[in-house]
Amino acid sequence: MVKARYEQAKEIYDGIGINTDEVMRALAGIPISIHCWQGDDVSGFEGDGELSGGIQVTGNYPGKARTPEELMADIDQALSLIPGKHRLNLHASYAIFDGEQVDRDALEPKHFEKWVAFAKERGLGLDFNPTYFSHPKSEVATLSSNDEAIRTFWIEHGKRCIKIAEYFATELGTPSLLNIWIPDGFKDIPADRTAPRARLKDSLDQIIAIDYDKTKVDIAVESKVFGIGMESYTVGSHEFYMNYAAKNDLLCLLDNGHYHPTESTADKLSSMLLFAPKVALHVTRPVRWDSDHIVSFDDETREMAKEIIRHGAENILLGLDFFDASVNRVAAWVIGVRNMQKALLTALLTPHDRLAALQDAREFTELLALQEEFKLYPVGDVWHYFCEQNGVPAKEDWLAVVKKYEQDVLLKR
């Protein structure tokens, strides 16, 4: 039935100049960096400390991963239900200590050897993030702190993380994205907006000044408009990081939950790519604010996917960033990644050149009509066949696998 419906869909798309076989090959070649922190509610392996830095996870669904082994098993289960080959995104707080635990300013590649072995066995690339939150030395500020000892601690952490990312790239043969985000800011109106940003600039200058292989590590900086406890001012604003990235030949990472609710991250991509060869992107689902809900197959996600395909997926380093403890955590990964892939597939099945020609000719009536008609083209039939061809369940059949895993594994934790 799936194959028969695909053949019908193939004929329909052929009528508008789209080769669905080529589209599926293209989709299979777009890796998504899957965030490890969905599996354990951003807890990491440093201890039982509470989350801080404006980060909150709601819900208490049973089965949360508590150890590296449990988290890796859950990631394996999710990957078995997601078509294609992807990447894994780690935070520094997921270091694995086989002996004495060290603080974040003393992390070394050896603390991530098990993650590299895990990635090698599965053909995954690894991306990395310094963890500037949920730590006693991050309670007031990190890279923008006016306490020189605190700032020195976090500068060293950043340097260490670059070398760990370089280690990932060397071992796995694929560049690693090292993304810097800090939670520094003020709850109420600041008296001085400049000094914290000057300190942040100096800290970043020191971090990126270390000797590292730029062919192996792509450094990105990530902004945020506001968060819990920093509602009035964030040191690392979009304007700050956009300019810092441009001046220092770094990547600017856009997270679609990190802007005002009426801003479109899809709209930003075309501007950014006129001035930079690559952009990093985190896709989440903000509900009125940066709440990091599971990615949905919604209008915003589809618009971002259109821009990714229009500008070339190789020019956008794509990752996801959500965490929800109110639902099965493995299912959350599967839903979010598959929805991102559905959005990319929809974009690949759109005749962009034809629509752009109508825009250039100012044939706006036909443009609008076709944009709406194409929404009901049988993308689902192509998706189901793509899943089947990649050896994962089509339609909602994957849910039964997750439910069995929940009964056999998660509920016994």
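Colleague: How many helices and strands are in the chain?
Modeller: This is a predicted model, and its chain has 14 helices and 10 strands.

Colleague: And what radius of gyration does the chain have, next to a compact globule?
Modeller: The chain comes out at 22 Å. A compact globule of 413 residues would sit near 22 Å, so the two agree.

Colleague: What does the C-alpha trace span along its principal axes?
Modeller: About 65 × 55 × 40 Å.

Colleague: How much of the chain is buried?
Modeller: Buried residues account for 53% of the 413, taking buried as under 20% relative accessible area.

Colleague: What about the accessible surface, how much of that belongs to carbon and sulfur?
Modeller: The chain's accessible surface is about 18,600 Å², and carbon and sulfur atoms hold 50% of it.

Colleague: Back to the fold. Of contacts between residues at least 6 apart in sequence, what share joins residues at least 24 apart?
Modeller: That share is 80% in this chain.

Colleague: OK, pockets. What volume does the largest one have?
Modeller: The largest pocket has about 690 Å³.

Colleague: Which residues are closest to its centre?
Modeller: Glu303, Lys306, Arg310, Thr350 and Gln371, out of 24 that line the largest pocket.

Colleague: Which elements give two or more residues to that lining?
Modeller: Three helices do: α9 (299-311), α11 (352-360) and α12 (364-374).

Colleague: And how does the lining divide into nonpolar, polar and charged?
Modeller: The lining of the largest pocket has 11 nonpolar residues, 8 charged and 5 polar.

How values were computed. Residues are numbered from 1 along each chain as its sequence is written. This is a predicted model: local features need pLDDT of at least 70, side-chain atom pairs count only at pLDDT 80 or more; totals for chains, interfaces and linings use all residues. Side-chain values use heavy atoms; hydrogens and water are left out. On a 1 Å grid over the protein atoms alone, a cavity is a set of points where a 1.4 Å probe fits but cannot get out, and a pocket is an open set with protein on both sides within 12 Å along at least five of seven lines; lining residues have an atom within 4 Å of a point. Grid points are joined across faces, edges and corners, and a volume is the space filled by probe spheres set on the points. Helices (H or I, at least four residues) and strands (E, at least two) are DSSP runs, numbered from the N terminus. Ala, Val, Leu, Ile, Met, Phe, Trp, Tyr, Cys and Pro count as nonpolar, Asp, Glu, Lys and Arg as charged, and the others, Gly among them, as polar. The radius of gyration is taken over C-alpha atoms; the globule rule is 2.2 Å times the number of residues to the power 0.38. Buried means under 20% relative accessible area, exposed over 50%, partly exposed in between (1.4 Å probe, protein chains only). Contact means heavy atoms within 4.5 Å. Accessible areas come from the Shrake-Rupley method with a 1.4 Å probe; for residues, only the protein chains shown count as cover.
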